[in-house]
Amino acid sequence: MLVERRLRAFALGLLVLSAATVASALDFTPHGTQPGLGVELGAVSVCIDCHRSLDPANAAFMPHSSWGGSMKANAMRDPLFWAALDVANNDAAAEGHAGVGDYCLRCHTPRGWLGGRVVKDGAGGTTGAGGESGCKLLGNPAAKDRENSDYSGVDCHYCHRLMSTGPQGQAFLAGNANAWVDDALTCDSTPGFFGPCRRGPYQYPAGSMLEAPHGWAYSSHHTGSAICATCHDVTSPDTDQGPLKTLVRADGSDSDRPFPIERTATEWNRSLFADAILRDGFGDAPSGIPAVTTQQPCQACHMRSSQDPLAKACEVNPAGSRTGNLPVHEFAGANAWVPGIIKAEYGSNLLQQPEDYERTIDAARAMLAASATVATTVTAYTPATPTAAGSISLEVVVTNLSGHKLPTGYPEGRRMWLNLQVRSATNVLVAESGAYDAATASLTEDAQARVYEALQGIWDAQAQACVVESAGAKQFHFVLNNCIAKDNRIPPLGFRVRAADDPEGLEVGPVGADYPETSPGSGVLVNADRVTYTFPIPAGTTGPLSAKATLYHQVASSEYITFLRDEAVANGFAAENDLCAGGPGRPFTVGPQALSRGEYMYQLWTNPLHGKSPPEPVATSVAIAKTAPRRR
C-alpha cells in the first residue's frame, strides 16, 4: 500500500521527490473569496499613521503597536512555519499533488495570496513553480510595514474586510481561511474613501471625534468567535475533488470525514464559554473560573479591553475616549518563544519596536498563567528510616481554565507536561517524574509521566495501527496524516464531545485518555485531569518531604525541530535563495539564505540566544509530607 511504502521510505531516508517535480490537478483552495480582488488589500502603511503611536505611553493599547509584536503580524516571519511548509510541499508532491503550499500560505499571507502571488495568479492562471513555496511574494521577512510587503502576516485590511457571508449571500465557511472578503466600495460612511470600508464592532456617531475618516461599516461578525474560526479550525485541504485526507477511526474504518488537524474554534464551540447561559444542571463554575452567564467569545481573552486611562483607537481621538472599550490587538496566545527569535533576527529593521515583541511575550506568559491551576495532595506516606526505604503516593489535579483544550492549536511538537519532584528536608531530590534536561531539550517520559499532546499519524492497514514513528523517531507529516494516535489534552469547562453534526465525537474527542462525565449521562466531560504517583523513598532520607508539581508548556519539542532538519537534509531541500532564485528581491540577505529552511530553524533552535524552545512554567503546587495521613 502507498502508506506502507511511504513509511519504509521515511525510515530509509530515500524520499527525494520535490514539490516542483510532480504535477497536480487539485485546487487546494477552491472556496471563499479567490485571488484577483478589484481593490487589493492595503498595506499596513495605510493604517500606521493614525493607528500607531510613537509615544511609549500609548504603545500598550494602540492597534498597530499592540499587533506589531503578535504572531498575527509575524505569521510570515515565523521560521517554524517556513520549515514546516517545505515538508508539506514535499509530502503532498510525493503523493502526486503539487502546490499544497497554496493552502498553507492562504492563512499566513492573505495579502500575498489574495494578490495572486502564491499559486493562483488572480486571473484564472497560476504563478508557476515556486509559488507554493512563497517564492513569488513581495518583500522579505525584514521588510518594514510601510513597504509593499507580503510579509506583514494577518494584517489590518484583511481582518477588517472580512464578511460573514459572500457577496451573493453565500454561507459562512469555517476553517482553512475560506474567508469572504469585502471588495465593494459601499459603506455606512464616506463610501469609497481609502478603498473598501473597514468593518468592525462599532457604530460611530456622525460628525463625532470618534468617527473614522475612512469608509466604515458596523459588523456583528467582528464581535463573535466565528471570525476567529476562519483560520483557527484547520482541516485536511478541502480540494475541488474532496478532502485530501479523511479520518480513519481507531478500528481502521474510514469515517469519510475530512481529517481534523486543528480544532481550537470547535473546542470553544462545545464548551461552556460558547453557551449563552449557564446550562441547567451543570452547577456553579469551579473555583478560579467566574460564573459564565453570557457567551465568552475568543476576543474576551485574546483581545482584552484596555483599561488604560489614556486609551484611544486613533491618534486624532481624545485620550481616554476608549478606556474600557478598546479591544487590544495583541492577540495573546501561548507562544513566548518565537516572538523573541523574530525580534532578534529581524526586529532592528522593522517598524515594530523591541517593546512590541516584549509585550507579546509578557502577554503569552500571562495567558499561560491564567490557563490552568495545579493542586497537589499527599495520599499515602511511609517515612523512610535509617535502615529501611519508605514510600510516598500523591495525587496532582490539573484544571483547565481556558476556553478550549489545554494545550490547543497547532499539534506538531506542541505539548504540556507535569514535572513532579520529591525532595528531602535537606533539599535532596529523591524522586522525579517528567524530568526535563534543558541542555539537550529532552523530556524523560517515564512510566508515570503525564504529557498532554495530540499525536497524529498515518494509518497502517497491515499493522492496524496509527503510526506516528519511523525507526524510533516521531514523524510530523501535517498534510498526510489521517488518524489520531493520542489526544489527552484537557477539555475546557462544560465540554461536550458530541454534536448534531458529529454524533460520534470524532472531531474533538479524547483519544487514549478517559475524562469522566460531570454526571452520568450528561455528555459533558470534566475539565480536569487527576494524576496519581507512587515513589519509593530511599532509606536514610530525612523528612519532612516536599512534593512540587509544575505544569510546563513548550512550543516545539526537540523531536519536532530535529524532524524538520532531518527532512530537509534527507530530501535535499534547497537553500532558501536557491529555492527561490529569480523571485522578487532575491537573493535575500536575511533569513535562511544559504541554508534550507529546516536547517535554519535548527540553527536558531541551537543558538544559545534563543534557547531550545524553553519550557514555560504555567502553574505550580507544593505539598508537604510530615507523617502518614490519617485514615478517614
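**Exercise 1. Cysteine pairing**

Task: Number the bonded cysteines of the protein in sequence order and state which pairing results.

Solution. With that numbering, the pairing reads 1-4, 2-3. The model examined here and in the exercises below is a predicted one. It contains two disulfides. One of them connects Cys-135 with Cys-580, with an S to S distance of 1.9 Å. The other is formed by Cys-466 and Cys-483, whose sulfur atoms lie 2.1 Å apart.

**Exercise 2. The disulfide of Cys-135 and Cys-580**

Task: Find where in the chain Cys-135 and Cys-580 lie, then determine the handedness of the disulfide from the torsion about its S-S bond.

Solution.
- Step 1. The disulfide joins Cys-135 to Cys-580. This pair links distant parts of the chain, 445 residues apart. Cys-135 belongs to the loop between helix H6 (110-114) and helix H7 (156-159), and Cys-580 to the loop between helix H14 (576-579) and H15.
- Step 2. The S-S torsion of Cys-135 and Cys-580 is about -60°, so this disulfide is left-handed.
- Step 3. Buried means under 20% relative accessible area. Cys-135 has 4% and is therefore buried; Cys-580 has 1% and is buried.

**Exercise 3. The disulfide of Cys-466 and Cys-483 and its sheet**

Task: State which strands hold Cys-466 and Cys-483, and describe the open sheet E19-E18-E22.

Solution.
- Step 1. Cys-466 sits in strand E19 and Cys-483 in strand E22, 17 residues apart. The torsion about their S-S bond is 90°, and the link is right-handed.
- Step 2. Cys-466 has a relative accessible area of 18% and so counts as buried. Cys-483, at 1%, is buried.
- Step 3. The sheet is open and has three strands in the order E19-E18-E22, with antiparallel pairing. Strand E19 (465-467) and strand E22 (483-487) are the edge strands, each pairing on one side only. From one strand to the next, the twist averages 50°.
- Step 4. Three bridges pair strand E18 (residues 454-460) with E19 in the antiparallel sense. Asp-460 is found opposite Ala-465 in E19.

**Exercise 4. Cysteine accessibility**

Task: Classify Cys-197 as buried or exposed, and find which cysteine sulfur is nearest to that of Cys-228.

Solution. Cys-197 has 0% relative accessibility and therefore counts as buried. Cys-228 takes part in no disulfide; the nearest cysteine sulfur belongs to Cys-298, 4.0 Å away. A disulfide requires sulfur atoms within 2.5 Å. At 21% relative accessibility, Cys-228 counts as partly exposed.

**Exercise 5. A second open sheet**

Task: Which strands stand at the edges of the sheet that contains E11 and E25?

Solution.
- Step 1. Three strands form this open sheet in the order E11-E12-E25, and the pairing is antiparallel.
- Step 2. Strand E11 (372-382) and strand E25 (528-537) each have a single partner strand, so one side of each has no neighbour in the sheet and both stand at the edges.
- Step 3. Ignoring direction, neighbouring strands of this sheet are turned against each other by 20° on average.
- Step 4. E11 and strand E12 (residues 390-400) run antiparallel and are joined by 10 bridges. Ala-372 stands opposite Asn-400 in E12.

**Exercise 6. A helix pair**

Task: Describe how H4 passes H15 and what classes of residue make the contact.

Solution.
- Step 1. Helix H4 (residues 79-94) packs with helix H15 (residues 597-606) at an angle of about 145°, the axes being 8 Å apart. The crossing is left-handed.
- Step 2. Contact residues of H4 include Trp-82 and Leu-85, and those of H15 include Tyr-600 and Met-601.
- Step 3. By class, the contact has eight nonpolar, one polar and two charged residues.

Note on methods: Residues are numbered from 1 along each chain as its sequence is written. This is a predicted model: local features need pLDDT of at least 70, side-chain atom pairs count only at pLDDT 80 or more; totals for chains, interfaces and linings use all residues. Side-chain values use heavy atoms; hydrogens and water are left out. Two strands pair if DSSP finds at least two bridges between them. Helices (H or I, at least four residues) and strands (E, at least two) are DSSP runs, numbered from the N terminus. Axes are lines fitted to C-alpha atoms, for helices over the stretch in contact, and angles run from 0 to 180 degrees between N-to-C directions. A crossing is left-handed if the near helix is turned anticlockwise from the far one by less than a right angle, and right-handed if clockwise. Contact means heavy atoms within 4.5 Å. Ala, Val, Leu, Ile, Met, Phe, Trp, Tyr, Cys and Pro count as nonpolar, Asp, Glu, Lys and Arg as charged, and the others, Gly among them, as polar. Buried means under 20% relative accessible area, exposed over 50%, partly exposed in between (1.4 Å probe, protein chains only).
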